[in-house]
Amino acid sequence: MQRAEARLQLLSKVSTLGNSLDVERVTSNLARLSLPELADWCAVDLVENGELRRSQVAHKDPQKAAIARELIKYPPDLKASDITRRLVSLGGVV
């Protein structure tokens, strides 16, 4: 029962993502909302002009959040990583 309630709460939170048209705000909320139900940390990458840009990084542990934010400087290289390219293409972007 608790798991089902947690899923409903997460769905309720996710439904608020469409309240803004600001990409940075939406990706920030997306990263934050994925914690801790789905993961310990989350990075949100956007494809812009065929390149990946790391938009947001969040961590469930506030002490580790600063370290996670350092990752924002190092987005995956779409051209160098076959797995990244395949994952992005699955989303219909590349």
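1. Overall make-up. The protein chain contains four helices and two strands. The model is a predicted one. Read from the N terminus, the elements follow the order α-α-β-β-α-α. The chain has 94 residues, of which 26% are buried. Of the contacts that join residues at least 6 apart in sequence, 30% link residues at least 24 apart.

2. The hairpin. Strands S1 and S2 pair in the antiparallel sense, and eight bridges connect them. They form a hairpin, with two residues between the strands. Asparagine 49, in the turn, has a positive phi of about 55°. Two positions illustrate the register: alanine 43 stands opposite valine 57 of S2, and cysteine 42 has alanine 58 of S2 as its bridge partner.

3. Strand S2. This strand spans residues 51–59, and seven of its nine residues are buried, so S2 is largely enclosed by the rest of the structure. Arginine 53 belongs to strand S2. With a relative accessible area of 28%, arginine 53 is partly exposed. The C-alpha atoms of arginine 53 and isoleucine 72 are 8.5 Å apart, although 19 residues separate the two in sequence.

4. The nonpolar core. In soluble globular proteins, nonpolar side chains tend to be buried together. In the present model, the largest nonpolar core consists of five residues: Ala31, Leu35, Cys42, Val44 and Ala58. Alanine 31, apart from its neighbours within four places in sequence, is in contact with Cys42, Val44, Gln56 and Ala58. Cysteine 42 and alanine 58, both members of this core, are also the bridge partners mentioned under point 2.

5. Leucine 35. Where in the chain does leucine 35 lie? Leucine 35 is in the loop between H2 and S1. Its relative accessibility is 12%, and leucine 35 therefore counts as buried, the cut-off being under 20%. Once neighbours within four places in sequence are set aside, leucine 35 is in contact with Asp40, Trp41, Cys42, Ala58, His59 and Lys60. Histidine 59 lies 24 residues from leucine 35 in sequence, and their C-alpha atoms are 7.2 Å apart in space. This loop residue is also part of the largest nonpolar core.

6. The largest pocket. Rolling a probe the size of a water molecule over the atoms shows where empty space is left. The largest pocket holds about 160 Å³ of space. Ten residues line this pocket, and those closest to its centre are Leu30, Ser34, Leu38, Cys42 and Val44. Two of these names, Cys42 and Val44, also appear in the largest nonpolar core.

7. Origin and character of the lining. Which element gives the most to the lining of the largest pocket? S1 does, with four residues. Helix H1 (2–14), helix H2 (23–33) and strand S1 (41–48) each supply at least two lining residues. By type, the lining divides into eight nonpolar residues, one polar and one charged.

Conventions: Residues numbered from 1 in each chain as written. Predicted model: local features only at pLDDT ≥ 70, side-chain atom pairs only at ≥ 80, totals over all residues. Heavy atoms only, no water. 1 Å grid on protein atoms, 1.4 Å probe; cavity = no way out; pocket = protein on both sides within 12 Å on 5 of 7 lines; lining within 4 Å. Points joined across faces, edges and corners; volume = space filled by probe spheres on them. Nonpolar A, V, L, I, M, F, W, Y, C, P; charged D, E, K, R; others polar. Core = buried A, V, L, I, M, F, W, Y, C linked by side-chain atoms within 4.5 Å. Buried < 20%, exposed > 50% of the residue type's maximum accessible area, 1.4 Å probe, protein only. Contact = heavy atoms within 4.5 Å. Pairing = 2+ DSSP bridges.
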